[in-house]
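Biologist: Please take one part of the structure shown below and examine it closely, then connect it with its surroundings. I would like the criteria behind each term to be stated as they arise.

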Amino acid sequence: MKLRDLEIALETIERRSEREVTLEDYPTPATIAAAIIYAAQMEHGDIIDKVVCDLGCGDGVFAIGAALMGARRVIGVDIQSKALKVCQRNSKLLGTDGTTDWVLGEVPSLEFRETIDTVVSNPPFGVKKRGADLVFLRKALSIARVTYSIHLAGEKNRQFLTRNVEKLGGIVTQVETFEFPIRRLFEFHRKEKHMTKVNLYRIEMKER
Ligand SMILES: C[S@@+](CC[C@H](N)C(=O)[O-])C[C@H]1O[C@@H](n2cnc3c(N)ncnc32)[C@H](O)[C@@H]1O
């Protein structure tokens, strides 16, 4: 699938208007999700024929993107059942319901019986609940050979995350920067939209 076709498809997915502030429930724009999934396949072959897991799948933008790009099977996990209902509808709409499974659960306590090749995740940044980003990262690295994970940009955070990835037996192979638009979803947001720099980390486990 071409990048533009993936973007166009992901732009059609339904997005929830109500968001959970404590869960840092910010949606990834279709263009960013498409760019990440497309590059994961074209640069590294991490999507086609792979088992892909989206931790904190929200409306399913990464999971459905991976399925459209040719993943063999995709598992999307979220703690919000209303989000998973939207994922199911989106999956049907885009014809990926034969490839995708939606699991209601809390990321740290999940057990997977099958081998996951690639995790793609936009976890909570750990602003509302300190350490929430690390909880997701820890789970991702324990289940998959390759992880793509989005975090707040900044040198201090990069050093912190890289150190923790190494402690968990992984290695950061690539860091990309994106301008992430956060729309006014919550009462405490003053602007309609503000741009936040985020880093996408590609991580490989050293022995898996
Ligand atoms: C930043 S949003 C990303 C949503 C979606 N993946 C996207 O990129 O548009 C984080 C998601 O993680 C989910 N989440 C937060 N904490 C969780 C937990 N402990 N277990 C499972 N899901 C969680 C939220 O419900 C939310 O959908």
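Modeller: Strands β1 (51-55) and β4 (residues 116-121) run parallel and are joined by 2 bridges. Helices and strands here are DSSP runs, H or I of at least four residues for helices and E of at least two for strands, numbered from the N terminus; two strands pair if DSSP finds at least two bridges between them. The model is a predicted one, in which local features need pLDDT of at least 70 and side-chain atom pairs count only at pLDDT 80 or more, while totals for chains, interfaces and linings use all residues. Residue numbers start from 1 along each chain as its sequence is written.

In the pairing of β1 with β4, valine 52 stands opposite threonine 118. Strand β4 also runs parallel to strand β5 (residues 144-152), to which 5 bridges join it. Threonine 118 takes part here as well, with valine 146 as its bridge partner in β5. Of the 6 residues of β4, 5 are buried, and the strand is mostly covered. A residue is called buried if 20 or more other C-beta atoms lie within 10 Å of its own, exposed if 12 or fewer do, and partly exposed in between, with C-beta atoms placed from the backbone.

The loop between α2 and β1 leads into this pairing and contains isoleucine 47. Isoleucine 47 counts as buried because it has 27 C-beta neighbours inside 10 Å. Its contacts, apart from neighbours within four places in sequence, include Val52 and Thr118, the residues that stand opposite each other in β1 and β4. Also among them are Ile37, Ala40 and Gln41, as well as Ala66, Met69, Gly70 and Ala71; a contact requires C-beta atoms, placed from the backbone, within 7 Å. By contrast, the C-alpha atoms of isoleucine 47 and leucine 161 are 24 Å apart, at a sequence separation of 114 residues.

Aspartate 49 lies in the loop between α2 and β1 and counts as exposed because it has 10 C-beta neighbours inside 10 Å. Its phi is positive, about 65 degrees, although it is not a glycine. Most residues other than glycine have a negative phi.

Helix α2 (residues 30-44) has 15 residues, and at 1.5 Å a residue it should span 21 Å, which agrees with the 21 Å between its end C-alpha atoms; the expected span is 1.5 Å times one less than the number of residues. Its buried residues include Ile36, Ile37 and Ala40, and Ile37 and Ala40 are contacts of isoleucine 47. Glycine 45 follows α2, with a positive phi near 65 degrees. In the loop between α1 (3-11) and α2 lies glutamate 24, with a positive phi near 50 degrees. Glutamate 24 is partly exposed because 18 other C-beta atoms lie within 10 Å.

Helix α3 (61-69) is reached through Ala66 and Met69, contacts of isoleucine 47. All of α3 is buried, 9 of 9 residues, so the helix is largely enclosed by the rest of the structure. Glycine 70, with a positive phi near 115 degrees, follows α3.

Both α3 and β2 (73-78) supply at least two residues each to the shell around the ligand. That shell holds 22 residues, of which Thr28, Gly56, Gly58, Ile79 and Asn122 are the closest; a residue is near the ligand if its C-beta atom, placed from the backbone, lies within 6 Å of it. The shell divides into 11 nonpolar, 5 polar and 6 charged residues, where Ala, Val, Leu, Ile, Met, Phe, Trp, Tyr, Cys and Pro count as nonpolar, Asp, Glu, Lys and Arg as charged, and the others, Gly among them, as polar.

On the β5 side, the C-alpha atom of valine 146 is 9.8 Å from that of lysine 206, 60 residues away along the chain. Lysine 206 belongs to the segment after β7 (193-205) and counts as exposed because it has 9 C-beta neighbours inside 10 Å. Leaving aside neighbours within four places in sequence, lysine 206 is in contact with Gly169, Gly170 and Ile171.

Finally, the protein chain as a whole has 6 helices and 7 strands. Of its 208 residues, 39% count as buried.

How values were computed: Contact = placed C-beta atoms within 7 Å.
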